[in-house]
Amino acid sequence: QVQLVESGGGLVQAGESLRLSCAASGSIFRLTVMGWYRQAPGKRRELVSLITKGGSTNYADAVKGRFTISRDNARNTVYLQMNSLKPEDTAVYYCNANLAGSLSEYWGQGTQVTVSS
């Protein structure tokens with residue numbers, strides 16, 4: 001079992017930046033791939049970025065070049081640095097974690113990011 005606690009969301013103007021954090025606890029020694037997803041009202045949850053335990057990353061086309069995912073394995077924490085924010089980035093952002101040897105996924109409670117124009 002893993003518990004995820006997110007922080008860092010808020011209200012910003014277009015062009016500004018935010019940094020989201022996700023702290024994991026529980027069976028942290030089994031953590032493998034972690035990532036960030038987002039969901040806007042009326043839309044399906046979509047992948048934003050993933051990072052492996054070894055530090056390999058990928059990004060959705062919509063955020064490539066603006067967002068950066070990073071991981072501190074010693075602190076069991078994943079970050080999402082969001083620069084040059086746009087109104088279309090407005091959504092609830094969720095942290096996601098996968099465990100070695102398990103098909104289950106774990107989710108944080110979500111943190112609201114609102115970007116005004």
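**Strands, salt bridges and a charged pocket in a predicted model**

Phe 67 lies in strand β7, where strands (E, at least two residues) and helices (H or I, at least four) are DSSP runs numbered from the N terminus. The structure is a predicted model, in which local features need pLDDT of at least 70 and side-chain atom pairs count only at pLDDT 80 or more, while totals for chains, interfaces and linings use all residues. Residues are numbered from 1 along each chain as its sequence is written, and side-chain values use heavy atoms, with hydrogens and water left out.

Phe 67 makes a convenient starting point. With 2% relative accessibility, Phe 67 counts as buried; the term means under 20% relative accessible area, with exposed meaning over 50% and partly exposed in between (1.4 Å probe, protein chains only). Leu 85 is 18 residues away from Phe 67 along the chain, and the C-alpha atoms of the two are separated by 8.9 Å.

The strand that holds Phe 67 also belongs to an open sheet. Its 4 strands follow the order β1-β3-β8-β7, with antiparallel pairing. Strands β1 (2-7) and β7 stand at the edges with a single partner strand each, so one side of each is left without a neighbour in the sheet. From one strand to the next, the twist averages 15°; the axes behind such angles are lines fitted to C-alpha atoms (for helices over the stretch in contact), and the angles run from 0 to 180 degrees between N-to-C directions. Pairing here requires that DSSP finds at least two bridges between two strands. The antiparallel strands β7 and β8 are joined by 6 bridges, and Ser 70 stands opposite Tyr 79 in β8. As background for reading such a sheet, side chains in a regular strand alternate between its two faces.

The loops around β8 hold two residues with an unusual backbone setting. Most residues other than glycine have a negative phi. Asn 76, in the loop between β7 (67-72) and β8 (77-82), has a positive phi near 55°. Ser 84, in the loop between β8 and β9 (91-99), likewise has a positive phi, near 50°. Their surroundings can be read from accessibility: Asn 76 is buried, at a relative accessible area of 18%, whereas Ser 84 is partly exposed, at 41%.

Strands β4, β5 and β6 bring further pairings. Strand β4 (residues 31-39) pairs with strand β5 (residues 46-51) in the antiparallel sense over 5 bridges, and Met 34 stands opposite Ile 51 in β5. The hairpin of β4 and β5 has 6 residues between the strands, and Gly 42 takes a positive phi near 80° there. On to the next strand, β5 and β6 (residues 57-59) are also antiparallel, paired over 3 bridges. Ile 51 appears again in this pairing, with Thr 57 in β6 as its bridge partner. The hairpin of β5 and β6 has 5 residues between the strands, and Gly 55 in the turn has a positive phi of about 105°.

Charged side chains come next. A salt bridge is a side-chain nitrogen of Lys or Arg within 4 Å of a carboxyl oxygen of Asp or Glu, and the count by this rule comes to 5. One of them joins Arg 38 and Glu 46 at 2.7 Å, N to O. Arg 38 is buried, at 7% relative accessibility, while Glu 46 is partly exposed, at 38%. Both residues belong to a network of salt bridges that also links Arg 66 and Asp 89. Elsewhere, Asp 61 forms a salt bridge with Lys 64, with the closest N and O atoms 3.3 Å apart. Asp 61 counts as exposed at 67% relative accessibility, and Lys 64 counts as exposed at 51%. A further salt bridge joins Arg 75 and Asp 72 at 3.6 Å, N to O; Arg 75 is exposed at 61%, and Asp 72 is partly exposed at 25%.

Arg 38 and Glu 46 return in the largest pocket, which has a volume of about 160 Å³. Of the 13 residues that line this pocket, Arg 38, Ala 40, Lys 43, Glu 46 and Glu 88 are the closest to its centre. Pockets and cavities are sought on a 1 Å grid over the protein atoms alone: a cavity is a set of points where a 1.4 Å probe fits but cannot get out, a pocket is an open set with protein on both sides within 12 Å along at least five of seven lines, and lining residues have an atom within 4 Å of a point. Grid points are joined across faces, edges and corners, and the volume is the space filled by probe spheres set on the points. By class, the lining has 3 nonpolar, 2 polar and 8 charged residues, where Ala, Val, Leu, Ile, Met, Phe, Trp, Tyr, Cys and Pro count as nonpolar, Asp, Glu, Lys and Arg as charged, and the others, Gly among them, as polar.
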